[in-house]
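Trainee: Could you take me through a structure and show me how its features are read?
Mentor: Gladly; let us look at it together and go step by step.

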Amino acid sequence: MSEAHVWQGQPEPIDHFDGQCEADVVVVGAGLSGVIAAQSAAEAGASVIVIEKFDKPVAHGIDVGAVNSVLQDRAGIHIDPLEAARLVYQWGQQQTNYHLIRLFVDKSGEVMTHYVEMAEEAGYTVRLNTEATARADWDNLDDRYRMFRTAHVFDVREGQDVPKTKWNAEYLLRIAYEDSLKNGAQYMFDTQALQLLKEDGRVVGVAVKDAQGIEKIVAKNGVIMATGGITDNEEMKECFCPMSQYVDLNAYFPRGANMGEGQTMCAWAGAAWSRCYPAPIIHPVNFTPLGPGIDSSWLTVDRDGNRFMNETAYEPLVTNARLNAPGNVAWAVWDSNYMDHYKHMEPIKFSALPENTPELVEKCVESGEYKKAETLEGLAEQIDVPADNLKATVERYNQLVRDGNDVDFGVPERFLSPCEQGPYYATKIRAELLALPYGMRVDNNSQICTHDDYPISGLYAVGGMQGDFFANSYPVTLPGADHGRGVTFGRLVGSALAKGQNIDGTPAV
Ligand SMILES: Cc1cc2nc3c(=O)[nH]c(=O)nc-3n(C[C@H](O)[C@H](O)[C@H](O)COP(=O)(O)OP(=O)(O)OC[C@H]3O[C@@H](n4cnc5c(N)ncnc54)[C@H](O)[C@@H]3O)c2cc1C
């Protein structure tokens, strides 16, 4: 890494201010994790200032993950916390901080219960998600593909006087935001945090820019950084996570929110970046009737017609392989018996397929989304791969299907479907980036650390800023885990700091 990156240098320190204000707890960023931190600190009696560069709080997404909340309890679902923590830790190849994952798994249920009760009291509903990644019938697969029913969805009731949104996480944001206002939290919108202010090694506040000029915001107990990941900073992405630049689509919004400014401010204040490889949140985007990579697991080939991945529709398996494919191309291929195959792979999802699915499939052919040919040679020509290779790949794959044992890539037998009856179909696997959570090294209290692993006094991270929680891949083991850890740590850090404490009860000195 050259020293040319802005976060590696040192800015001219800001020491002239046009105004000053102070609070017990200062939160930077009014996304979901920041608003929850502010709400929790205000609920615990602290004075709170939230700095947000946009003109309102923002949330996106649907699922908010939690383990063993009142809702799961009501549904008779009990998740083994040790198993859940172990699997998430394993997905990060043991690069992450196991203690943080355990804290999330052990505390998120209690935290979620608090917000479910708050939501129900305010007239909202909350349900467990059963769609997309929340699969109910993968229980007998091995650990790699386990998905627990952790996704909580906040919603409005019929007739409730709240603007409707497809991003259900906004309802939780609204509930927490309104409650924080009731408890006196102050929001400084259209205000950009520029630098952290340090005295004797302790972070004592934030220098911000607003319409009045440069202001000093003093934090008596500490500063909580909640500025999100690095999703919109191309230089950081290239540096830390080049693979994320190969997606077909960016689903991320609002543009300009996650520029990595919080990370840069922390680095200038002596903080270390997480040592983990980032875990971008990348979804397959084939929202077509047969949904390869998200709903179904068809044979997939690269531009040379060779098979190169485990196609099980467990995110992020398919997109990881696709983002590393030569020419950035991967084709899912299936045959005319797709309805039978789909039923075999995904019996529950199959029963929800519309009756006119074959008609919808042909519509995708007409629109060019799906390619179709009577023979494999014809299909190869349409997708521009060598026909001999495609035929050899299909032959090998069909042999593995007959053996019921995919020795090449380990796709479970249930998802292996022969590709032997024309006409044949193909569609491109596409990947979209939702978010790239990546940030600073933290300790077990989510306190941001120096390069030699000492917590920086007065400085904490929550949400996408918090490093060391996910690594390499964002797994769907605990659907909604990104929001979930933001909410959980937002609450744990916010409530503790309100009392001048760390999460573990030690003084926040
Ligand atoms: C379309 C979409 C769907 C998603 N779906 C899900 C899902 O279903 N489940 C899930 O778990 N996750 C989902 N995610 C990911 C998740 O929404 C984000 O990772 C999450 O919002 C991170 O929350 P945060 O509070 O850390 O950061 P953010 O929500 O990004 O908030 C950070 C805030 O900090 C502000 N800020 C930044 N820099 C400064 C500065 N210098 N000064 C002042 N303010 C600043 C920004 O303006 C922003 O408002 C989805 C993401 C997207 C885009």
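**Reading the model**

Mentor: Just after helix H7, Gly270 takes a positive phi of about 95 degrees. Please keep in mind that this is a predicted model.

Trainee: Is helix H7 itself buried or exposed?

Mentor: A residue is called buried if 20 or more other C-beta atoms lie within 10 Å of its own. Seven of the eight residues of H7 are buried, so this helix is largely enclosed by the rest of the structure. The buried residues are Glu261, Gly262, Gln263, Thr264, Met265, Cys266 and Ala267, and what covers them includes strands E1 (19–28), E7, E9 (213–225), E17 (447–449) and E18 (455–461).

Trainee: Why is Leu181 called partly exposed?

Mentor: The same kind of count is used, and a residue is partly exposed when its number falls between the limit of 12 or fewer for exposed and that of 20 or more for buried. Leu181 has 14 other C-beta atoms within 10 Å, and it is therefore partly exposed. Leu181 has its place in helix H5 (residues 169–182), and its C-alpha atom is separated by 55 Å from that of Ser417, which is 236 residues apart from it along the chain.

Trainee: Which residues touch the most other members of the largest nonpolar core?

Mentor: In soluble globular proteins, nonpolar side chains tend to be buried together. Here the largest nonpolar core has 155 residues, and Val25, Val26, Val48, Val206 and Ile224 touch the most other members. Helix H4 (residues 98–121) gives the most to this core, with 10 residues, and the core draws at least three residues from each of domain 1 and domain 2. Leaving aside residues up to four places away in sequence, Val48 touches several residues, among them Ala23, Val25, Ala41 and Gln186.

Trainee: Where do the two domains lie along the chain?

Mentor: According to the domain assignment, domain 1 covers 17–285 + 434–509 and domain 2 covers 286–429. Their C-alpha centres lie 37 Å apart, while 14 residues of domain 1 are in contact with 19 residues of domain 2. On the side of domain 1 that touches domain 2 there are 10 nonpolar, three polar and one charged residues.

Trainee: Which residues come nearest to the ligand?

Mentor: Of the 39 residues around the ligand, Gly29, Gly31, Gly61, Gly228 and Gly463 come nearest. By class, this shell has 18 nonpolar, 16 polar and five charged residues, and helix H14 gives the most to it, with four residues.

How values were computed:
Residues are numbered from 1 along each chain as its sequence is written. This is a predicted model: local features need pLDDT of at least 70, side-chain atom pairs count only at pLDDT 80 or more; totals for chains, interfaces and linings use all residues. A nonpolar core is a set of buried Ala, Val, Leu, Ile, Met, Phe, Trp, Tyr and Cys residues joined through C-beta atoms within 7 Å. Helices (H or I, at least four residues) and strands (E, at least two) are DSSP runs, numbered from the N terminus. Domain bounds come from an automatic or database domain assignment. Two residues are in contact if their C-beta atoms, placed from the backbone, lie within 7 Å. A residue is near a molecule or strand if its C-beta atom, placed from the backbone, lies within 6 Å of it. Ala, Val, Leu, Ile, Met, Phe, Trp, Tyr, Cys and Pro count as nonpolar, Asp, Glu, Lys and Arg as charged, and the others, Gly among them, as polar.
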